[in-house]
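Subject: Handover of a structure and its findings

Dear colleague,

Please find below the structure that I am handing over to you. My findings follow it, arranged by topic.

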Amino acid sequence: LELTYYFTSNFTLFLRQQKVQTLRKLILNGIKFDNENNLANLENLSIKNSLGNPFGKGKNNFHNLQRLELEDNEIELNRIVLKAKCESLKFFRIKEEELSIEVKEKFNLLLNFDAIRVKLEVLILPFNIELYLLPNLKNFIVKAKYLRHIEIIRSENYSTEKQKDIADAIKSITKEASRTLNFHPKVTIILPTNVSGKARADSANYVTKKQLIKVQSNDSRNTGIMIQLPFPAGFSVNKSNILNTIPIHKDIDGLTTDSVGNLFDLNKGIKPATPLGICSIFNYYNIPTESKYIVIMGKGKLVGQPLACMLMSPLYNAMITICDIYMENIKTITKSTDILIVTISKAFYVNDGFVKPSVTVIDAEINRLPQNVNENLNIIGDVDHSAYEKCKYYTPVPKGVGLLTVASLAFNSVNVSILQHGLLSLNLSQIIRQSYSVKKTKAVKKENKKS
């Protein structure tokens, strides 16, 4: 019997009317029922997308249950197995996107339950539960004499496809706002170089750039202005003064002194594109930041500093340490964090010795190698691939955070137009959480299936 998003009351009535004593295999997707059910002959049980405890307060006798699979549930594992009396269980598999601390602790209790390991042969667990199993896992393996296969599911990563999903969500928000408000943004990009592409640090170039910004700012057709950053190495004259020439309502990079003042309030002003894109990762995948310890390696004004401010705002409420590669005991600091964000412009600097198991690592840097160094890989990040093996989640380079930076710049180009019309700016973080996150999308799909 396989049921998907079937109404609870109807399912309970079904069980009362049907002779389910002979049922051998049951697959439940989005189902919760509260009655005590006589499923004594059930051999195969699969539960997906269930809210709460799928069995309510009922006592179910699964003496013959041999295979139990749990996937993407908000469930109390001990109620399913401890009270179900699964003495014949041979195959037990859990696949969860996110497990709460409470569920992990109850799973530890499960490992101490003698009945489940009487005949168990195969045990498959999610990567993010691994740390909570020790030392109970070792004790469990010793006592489960028939256990022949145990597997920790490998970590997931924000692959190119997943990063593209976030970028597409930001683009969708941008297009919808532009269409609804009938705005057609025009952005002017100013290069801090001369015609030949070489840096000019002389005063003439400095004055020319300031005058050019003022001219473009006064042109009503230009809704946004940005200066291509970073400045070349030879350009060392009054960089901040040049940036501050851009009016706050046309600053799509969010880097002027006036814009920086709004970093702690996500409802005001324009936020720098790369930090905005990184925050979108947390919002889209519902990665918790509340009271989490986050370390940012890199104190730059483009990413590190503004990102630290944004993550300390009430919406994220994270505990932040911002540092660089010269800090003493840097590995001790990075190994203690739940989330590590790297933006230091040091190719493959962060290896597996910098991170602890089950950490989330976001690589926000691009390093370009000469073509003759590696023909197949001339763009690399700050994080060495050896660190990926320990990560619960990580972002790749290329086609990682860079995709989100570009999409966030497009969003900012519309947001400055909104400010210029005297309207409140859009809060991208809040919009993604409320309408585009994976958790929200799943909930909407469930409701659509029910209706």
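**A charge over a ring**

In this model, R67 places its charged end over the ring of F91, at 3.7 Å from the ring centre. Please bear in mind throughout that the model is predicted.

**The chain overall**

The protein chain contains 15 helices and 16 strands. Of its 451 residues, 47% count as buried. Where contacts in the protein chain link residues at least 6 apart in sequence, 65% of them join residues at least 24 apart.

**Aromatic pairs**

A pair of aromatic rings is described by the distance of the centres and the angle of the planes. The count of aromatic pairs comes to three. One of them is formed by Y284 and Y285, which meet edge-to-face, with 5.0 Å from centre to centre and 80° between the planes. Y284 counts as buried because its relative accessibility is 13%, which is under the 20% limit. Another pair, Y388 with Y394, is stacked, with centres 3.7 Å apart and planes at 5° to each other. Both Y388 and Y394 are buried.

**Backbone features**

The peptide bond that leads from V397 to P398 is cis, and its omega is near 0°. P398 itself lies in the loop between β16 (391–394) and α13.

Two residues in another loop also deserve attention. F348 is not a glycine, yet it has a positive phi of about 55°. This residue is placed in the loop between β12 (339–342) and β13 (359–363). Is F348 buried, exposed or partly exposed? F348 counts as partly exposed because its relative accessibility is 30%, a value that falls between the limits of 20% and 50%. S358, likewise not a glycine, has a positive phi of about 70°. S358 is also found in the loop between β12 and β13.

**Helix α11**

Helix α11 spans residues 304–311, and seven of its eight residues are buried, so the helix is largely enclosed by the rest of the structure. The buried residues of α11 are G304, P306, L307, A308, C309, M310 and L311. Which elements cover them? The cover includes α10, β10 (293–297), β11 (319–323) and β12.

**The second largest pocket**

The volume of the second largest pocket is about 1,000 Å³. Its lining consists of 37 residues, of which L229, T274, L302, E365 and T405 are the closest to the centre of the pocket. Two or more lining residues come from each of β9 (224–227), α10 (273–284) and α13. Helix α13 gives the most to this lining, with six residues. Sorted by class, the lining of the second largest pocket has 20 nonpolar, 10 polar and seven charged residues.

**Enclosed cavities**

Rolling a probe the size of a water molecule over the atoms shows where empty space is left. Three cavities of 30 Å³ or more are counted in this model. The largest cavity holds about 60 Å³ of space. Its lining is made up of L266, G269, I270, K271, L276, F411, N412, N415, L426, N427, L428 and S429. By class, these are six nonpolar, five polar and one charged residues. Helices α13 and α14 (428–436) each supply at least two residues of the lining. The largest share, three residues, comes from α13.

**N415 in helix α13**

One residue of the cavity lining, N415, may serve as a closer example. N415 is placed in helix α13, which covers residues 401–420. Why does N415 count as buried? The reason is that its relative accessibility is 2%, which is under the 20% limit. Leaving aside residues up to four places away in sequence, N415 touches G269, I270, S425 and L426. Of these contacts, G269, I270 and L426 are also among the residues that line the largest cavity. N415 and H249 are 166 residues apart in sequence, whereas their C-alpha atoms are 9.1 Å apart in space.

**In brief**

Helix α13 recurs in these findings: it gives the most residues to the lining of the second largest pocket, supplies the largest share of the lining of the largest cavity, and contains the buried residue N415.

With kind regards

Notes
Residues are numbered from 1 along each chain as its sequence is written. This is a predicted model: local features need pLDDT of at least 70, side-chain atom pairs count only at pLDDT 80 or more; totals for chains, interfaces and linings use all residues. Side-chain values use heavy atoms; hydrogens and water are left out. Helices (H or I, at least four residues) and strands (E, at least two) are DSSP runs, numbered from the N terminus. Buried means under 20% relative accessible area, exposed over 50%, partly exposed in between (1.4 Å probe, protein chains only). Contact means heavy atoms within 4.5 Å. On a 1 Å grid over the protein atoms alone, a cavity is a set of points where a 1.4 Å probe fits but cannot get out, and a pocket is an open set with protein on both sides within 12 Å along at least five of seven lines; lining residues have an atom within 4 Å of a point. Grid points are joined across faces, edges and corners, and a volume is the space filled by probe spheres set on the points. Ala, Val, Leu, Ile, Met, Phe, Trp, Tyr, Cys and Pro count as nonpolar, Asp, Glu, Lys and Arg as charged, and the others, Gly among them, as polar. Rings of Phe, Tyr and Trp (its six-membered ring) pair if their centres lie within 6.5 Å; planes under 30 degrees apart count as stacked, over 60 as edge-to-face and the rest as tilted. A charge sits over a ring if NZ of Lys or CZ of Arg is within 6 Å of the ring centre and within 35 degrees of the ring normal.
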